[in-house]
Amino acid sequence: MAAKRLGIGFIGGGFISRFHIQSLIGVRDVDVHGVYSKTKTSSEETAALARVTGVGEAKAYDSITDMVANPDIDALWICSPNYTRMEVMEEIVHAVESGKGELIGVTCEKPLGRNVAEAKRMLELAQGADLLDGYLENQIFAPSVTRGKEIVWARGASTTGPPFLARAAEEHSGPHMPWFWEGELQGGGVLNDMMCHSVEEARFMLTPPGESREVLTPISVNAYAACLKWQRPEYAKILSDTSNGKTDYMKRPSEDFARSLIEYATKDGHKVVVETTTSWCFVGAGLRLSMELFGPEYSMFVNTLDSDLKVFFSRNVKGSEGEDLVEKQNAESGEMPVVSSETDAYGYTAENRHMVQSFLAGKRPEENFSDGLNVTELLMTAYMSAEQDKTISFPPPDLDTFIPAVARGEWNPKEN
Ligand SMILES: NC(=O)c1ccc[n+]([C@@H]2O[C@H](COP(=O)([O-])OP(=O)(O)OC[C@H]3O[C@@H](n4cnc5c(N)ncnc54)[C@H](O)[C@@H]3O)[C@@H](O)[C@H]2O)c1
């Protein structure tokens, strides 16, 4: 008997959809049938990529509703910009509830919402329409993270006690599209954009294998945010030039550096700590993800730029700029690390495998919108802490209505 397969459609035809499509080469039982993006060209290009990659006979669609109406499409992957979450999810739910078509589930890229109110609404909408929901946090699926967790908990934690400190950092030289740099469109700066990964990855490492996030209770958040590089006039000018004058970091900057310290209480009354840093002003070979875990008699280290493959190009090698060696690559010469399979190393392949198999089994994915909501709650508390320059007990009052100053266009450290 033929295996049951999941037909999926992508909403958004940009950077992350391309990553997901590449990763599907390593995922069984799934076919990409459609792409709907803001422009017909990006829908067509991304659908063509899926066909050429061999992961489905994808077609470009004119609307989300049209994709829902296709009986071959069972689930949608939301990969459009942060500021489109509400309209996208509302159209999906409207199409399902008005009988245009049926879906098993939806997945949504990070962040689930630009603030707690949006993230809560995403969860409510999915549950109200009886859709299974997957939150796309790739880092907790990265093989070095899952294998590291397995080994450290099996050998170290079982004999000497559970870990007490997880550190995570995500750093690169800045996002590829102007909307990421706009606090109002994106929801914040680098804290919202990238700390979402680090807080969740570190929380995952501290959670015993097989247990849910409820075994750890967040009790306080302390954070710091600053604009270290991109408000310098020469760098603000680059942002202005690459956005046709729209991005104005002299007047409306976002934080390009942030750190946070989150305290959790375990069920047996111990305190464990997550420490994160994140930056859009990191200049190195390219994207650097680092994850560390510490327990009483053991530790674990991941640094994605410590790759097993390195190449060297002398100064006589001249070529064009690219991202062929590593994501957010900064150079083309000298000794360069290469992440030979980024879709695997960053966790996209295992993430999509889990989402596809969960949907086919009719089960809610282990990483779902409730996790995305909790991540948003922690990030918003981090903004509160950075704004008030003090440690905030979790959950703070007013969390549901809080919008960071940077997302209101009212944050400018140069003016204070
Ligand atoms: N997991 C990760 O590491 C990771 C990495 C990058 C981006 N992301 C997330 O993925 C999402 C998309 O980011 P990206 O880098 O692909 O951005 P992008 O700007 O490269 O691509 C966004 C795409 O969405 C399309 N779009 C715009 N408005 C739309 C709408 N209303 N409906 C449908 N499509 C629309 C655009 O035309 C474009 O093709 C963001 O939420 C981002 O935070 C996650």
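1. Let's start with the two halves of this predicted model. The centres of domain 1 and domain 2, taken over C-alpha atoms, are separated by 25 Å. Domain 1 covers 6-137 + 349-367, while domain 2 covers 140-341 + 375-415. Notice the plus signs: each domain is listed as two stretches of the chain.

2. Now for where the domains meet. How many residues does the contact take from domain 1 and from domain 2? It takes 19 residues from domain 1 and 23 residues from domain 2. On the domain 1 side, helices α5 (116-128) and α12 (348-360) each supply at least two residues. Helix α5 gives the most to that side, with 4 residues.

3. While you have α12 in view, look for Met355, which is found in that helix. Is Met355 buried or exposed? Met355 has 30 C-beta neighbours inside 10 Å, so it counts as buried; the cut-off for buried is 20 or more. Leaving out residues up to four places away in sequence, Met355 touches Thr107, Gly134 and Pro365. Asn303 is another matter: it sits 52 residues from Met355 along the chain, and their C-alpha atoms are 26 Å apart.

4. Zoom out for a moment. The protein has 13 helices and 15 strands. Its radius of gyration is 21 Å, close to the 22 Å that the globule rule gives for 416 residues, so the protein is as compact as a globular protein of that length. Its C-alpha atoms fill a box of roughly 55 × 55 × 45 Å along the principal axes.

5. Two percentages are worth jotting down. Buried residues make up 48% of the 416 residues. And if you take contacts between residues at least 6 apart in sequence, 77% of them join residues at least 24 apart.

6. Next, find strand β1 (residues 6-11). Here 5 of the 6 residues are buried, so β1 is largely enclosed by the rest of the structure. From β1 the chain crosses through helix α1 (residues 15-23) to strand β2, and this β-α-β crossover is right-handed. Strands β1 and β2 (residues 30-36) pair in the parallel sense over 6 bridges; to spot one pairing, look for Ile11, whose bridge partner in β2 is Tyr36. Strand β1 also runs parallel to β4 (residues 75-78), joined to it by 4 bridges. Phe10 has Trp77 as its bridge partner in β4.

7. There is also an open sheet of 7 strands, so follow it across. The order is β12-β11-β7-β10-β9-β8-β15, and the pairing is mixed. Why do β12 (298-303) and β15 (392-393) each have one side without a neighbour in the sheet? They stand at the edges, each with a single partner strand, so one side of each is left free of a neighbour there.

8. Stay in that sheet for one strand pair. Strands β9 (residues 257-266) and β10 (residues 271-279) pair in the antiparallel sense over 9 bridges, and Ser260 stands opposite Thr276 in β10.

9. Finally, check the helices lying on that sheet. Helix α9 (residues 190-206) packs on it, touching β7 (165-171), β8 (216-226), β9, β10 and β11 (288-295). The direction of α9 makes about 150° with that of β10. Helix α13 (residues 369-388) packs on the sheet as well, touching β8, β9 and β15. Its direction makes about 50° with that of β8.

Technical notes:
Residues are numbered from 1 along each chain as its sequence is written. This is a predicted model: local features need pLDDT of at least 70, side-chain atom pairs count only at pLDDT 80 or more; totals for chains, interfaces and linings use all residues. A residue is buried if 20 or more other C-beta atoms lie within 10 Å of its own, exposed if 12 or fewer, and partly exposed in between; C-beta atoms are placed from the backbone. Two strands pair if DSSP finds at least two bridges between them. A crossover is right-handed if, with the strands pointing away from the viewer, the path from the first strand over the helix to the second runs clockwise. The radius of gyration is taken over C-alpha atoms; the globule rule is 2.2 Å times the number of residues to the power 0.38. Two residues are in contact if their C-beta atoms, placed from the backbone, lie within 7 Å. Axes are lines fitted to C-alpha atoms, for helices over the stretch in contact, and angles run from 0 to 180 degrees between N-to-C directions. Domain bounds come from an automatic or database domain assignment.
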